[in-house]
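Subject: Handing over a structure

Dear colleague,

I am passing a structure on to you, and I would be glad if you opened it before reading further. My notes on what was found in it follow below.

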Amino acid sequence: MKLAELLKIPFLLESKVICGFQGLNRVVRSVNMMDAPDIIDFVKPDELLITTAYALKDSPEELVALIPELSAAGCVGLGIKKRFWSAIPQEAIAVANEVGFPLIELPLNVSLGDLINQAIDSILDKHADTLRNALKSHRQFSSLILKGQGIPEIVRDLAELLDSPVILLDQRMNLISASSHFREQAYQDLLPQIRESASQLPDEERTSVSFLTDAAPEALNYIAAHPIMTYQPQGFLLTLQQSAELHQLPVMIMEQAANVISFELLKKQAVKERSRRYKNDLFTDIVNGFMTSEQELIHRGKRYGLSENLPSLCIVIKQDDDLSRRGPTLPLSEEQQLSKREEMYEVLKEAFRSRGHSFVLFSNKDQFVLILSISIDKTAPVDAERMLREQLTEISDDLYHREGLSLSFGVGNPIDRMTDLPVTYKEAVEAWETAYSSKKRRFVQFYHVKKLTDLLRMLPVEELKKYYNDTFKELNRLDEKERQDLMRTLVAYHDNNCQIAETAKQLFVHRNTVVYRLEKCEQLTGRKIRNTSDNLRFKVAYLMEQLIDAD
């Protein structure tokens, strides 16, 4: 309890605060007796000391020196029974005022033992009352859940118990629930700043306070925030208050509400995970061709938004390798992996939903698979592909800059029958693997190159080798390292749409190095890098190299 409260107990009613009044708001957790000036090594934080000052009666200067040390050690104050002093030394009073350390003149008719016992009893009684109230609030919040109500009702009752606005935000600072205060425009105007403040808070299991720079109604300019935790951070429970001080009872009530909310979220998460697992298993079977009945496929897929009326295609989405990491990294725990995949799922779902797409999203091992329903103008498939490429590139850029997610997309061809989903899925996987094998990152790869490869496979291998060697000529005669550097530069140059700056960035070299290597390639091959027909020849030769090596 606060020192000012403690001084109101019967044995201390006749006591008198001599100085250090600014320290009366300090919290007292224990009371102890000082019988020697070497007490400093035994002082506990938030402890009130009482003494007869017998050991100091002949050396008041020791009290003057002791006061700053006691204050620095977290001692709440010093109660002195003036049996051996006619008055507390003025030098001690001056120092105590300077550091805000209360000196209290104790009544002579009360023994120090009785005073300690009653003080500790009062502190324990108040703590017991606090615990009883906290337990009562926990029962109140739990009963709401048992009666079939949920988080909004918990937030409502918490606001009533604290007589203060309450808000619940998830880990991404989205609003889950708020008390009725936030129906008022003045509180709604505070939401952006509340979100910003909460986003800076640590994910630790303790209540913290932050300041609102904008004026809030009723001078509620401080936020007390308690984290919501399950097996992963889930957000924050926040209440507005008028000071930066954390009072024990409101904090404990917030903790009880947060605990009940955590259990409710954990229950919902378990239900969601079970449903998600069923969905993942269903659509994994579909795209792997284990479900051949179109009627069953459509019937079961409709529950998740699968459309039979529009053409569809599959998009395989994977997170790129983190090239910035050096050396081995510790593997993520199962909970961390689940948390990471859940976060990516929600981010991807929101990205496509916000752009008005009709889709089914599920995960299959280390990849996310999107079955996208599309409206394609049969007369302009190239334009439809261009528009989809632009949208996927926009999503990729947005998630990279906003969420720090580096994702790559492999896109299959549209299909009209649901039973052909395995076909477009396989195409999307191969499109992704083709771009990945070229060391690309954050790419959007459509399944078109594979068709040309199929045509090339119809030619004899000897003809492929002849065309390949004729394309690169003297380039093939160089030593292996120099040839690999030049070939890698040439391939990267064409993969990056003949952009020198992007080529240099992908290869981690200077642009002048790229220019030099390309000029050398022109000299050795006798072909112009910027010539359209020669460019086409190079690209065809790259595909032939894959077929020759495979043979």
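A residue counts as buried here when its relative accessible area is under 20%, as exposed when that area is over 50%, and as partly exposed in between. By that cut-off Tyr542 is buried, because its relative accessible area is 10%. Please keep in mind throughout that this is a predicted model.

Aromatic pairs

Tyr542 is a convenient place to begin, since together with Phe472 it forms a stacked aromatic pair, with 6.3 Å from centre to centre and 20° between the planes. Phe472 belongs to helix 14 (residues 461–472) and Tyr542 to helix 18 (residues 532–550), so the pair ties together parts that lie 70 residues apart in sequence. Phe472 also counts as buried, with a relative accessibility of 0%. The two residues belong to one aromatic cluster, whose members are Tyr468, Phe472, Phe538 and Tyr542.

A search of the whole structure finds 11 aromatic pairs. Another of them joins Trp432 and Tyr436, whose ring centres are 4.8 Å apart and whose planes stand at 15°, so this pair is stacked as well. Trp432 and Tyr436 are 4 residues apart in helix 12 (residues 421–437), which means that about one helical turn separates them. Are these two residues buried or partly exposed? Trp432, at 7% relative accessibility, counts as buried, whereas Tyr436, with a relative accessible area of 38%, is partly exposed.

Strands

When you turn to the strands, you will find an open sheet of 5 strands in the order 1-5-4-3-2, with mixed pairing. Its edge strands, each of which pairs on one side only, are strand 1 (16–19) and strand 2 (30–33), and the twist from one strand to the next averages 30°. Within this sheet, strand 4 (residues 77–81) and strand 5 (residues 103–106) pair in the parallel sense over 4 bridges, and the bridge partner of Lys81 in strand 5 is Leu106. Helix 3 (residues 90–99) packs on the sheet, where it touches strand 1 and strand 5, and its direction makes about 85° with that of strand 1.

Strand 9 (residues 222–229) deserves a look of its own: 6 of its 8 residues are buried, so this strand is largely enclosed by the rest of the structure. Strand 9 pairs with strand 8 (residues 208–211) in the antiparallel sense over 4 bridges, and there the bridge partner of Ser208 in strand 9 is Ala225. Strand 9 also pairs with strand 10 (residues 233–241), again in the antiparallel sense and over 8 bridges, and His226 has Leu237 as its bridge partner in strand 10. Strand 9 and strand 10 form a hairpin, with 3 residues between them.

A helix crossing

Lastly, how do helix 16 and helix 17 cross? The axes of helix 16 (residues 500–507) and helix 17 (residues 511–525) come within 8 Å and cross at roughly 105°, which means that helix 16 is roughly perpendicular to helix 17. On the side of helix 16 the contact involves Ile500, Ala501, Thr503, Ala504 and Leu507, and these meet Arg511, Val514, Val515 and Arg517 in helix 17. Sorted by character, the residues of this contact divide into 6 nonpolar, 1 polar and 2 charged.

With best wishes

Key: Residues are numbered from 1 along each chain as its sequence is written. This is a predicted model: local features need pLDDT of at least 70, side-chain atom pairs count only at pLDDT 80 or more; totals for chains, interfaces and linings use all residues. Side-chain values use heavy atoms; hydrogens and water are left out. Axes are lines fitted to C-alpha atoms, for helices over the stretch in contact, and angles run from 0 to 180 degrees between N-to-C directions. Helices (H or I, at least four residues) and strands (E, at least two) are DSSP runs, numbered from the N terminus. Angles under 35 degrees count as roughly parallel, over 145 as roughly antiparallel, 65 to 115 as roughly perpendicular and the rest as oblique. Contact means heavy atoms within 4.5 Å. Ala, Val, Leu, Ile, Met, Phe, Trp, Tyr, Cys and Pro count as nonpolar, Asp, Glu, Lys and Arg as charged, and the others, Gly among them, as polar. Two strands pair if DSSP finds at least two bridges between them. Rings of Phe, Tyr and Trp (its six-membered ring) pair if their centres lie within 6.5 Å; planes under 30 degrees apart count as stacked, over 60 as edge-to-face and the rest as tilted. Buried means under 20% relative accessible area, exposed over 50%, partly exposed in between (1.4 Å probe, protein chains only).
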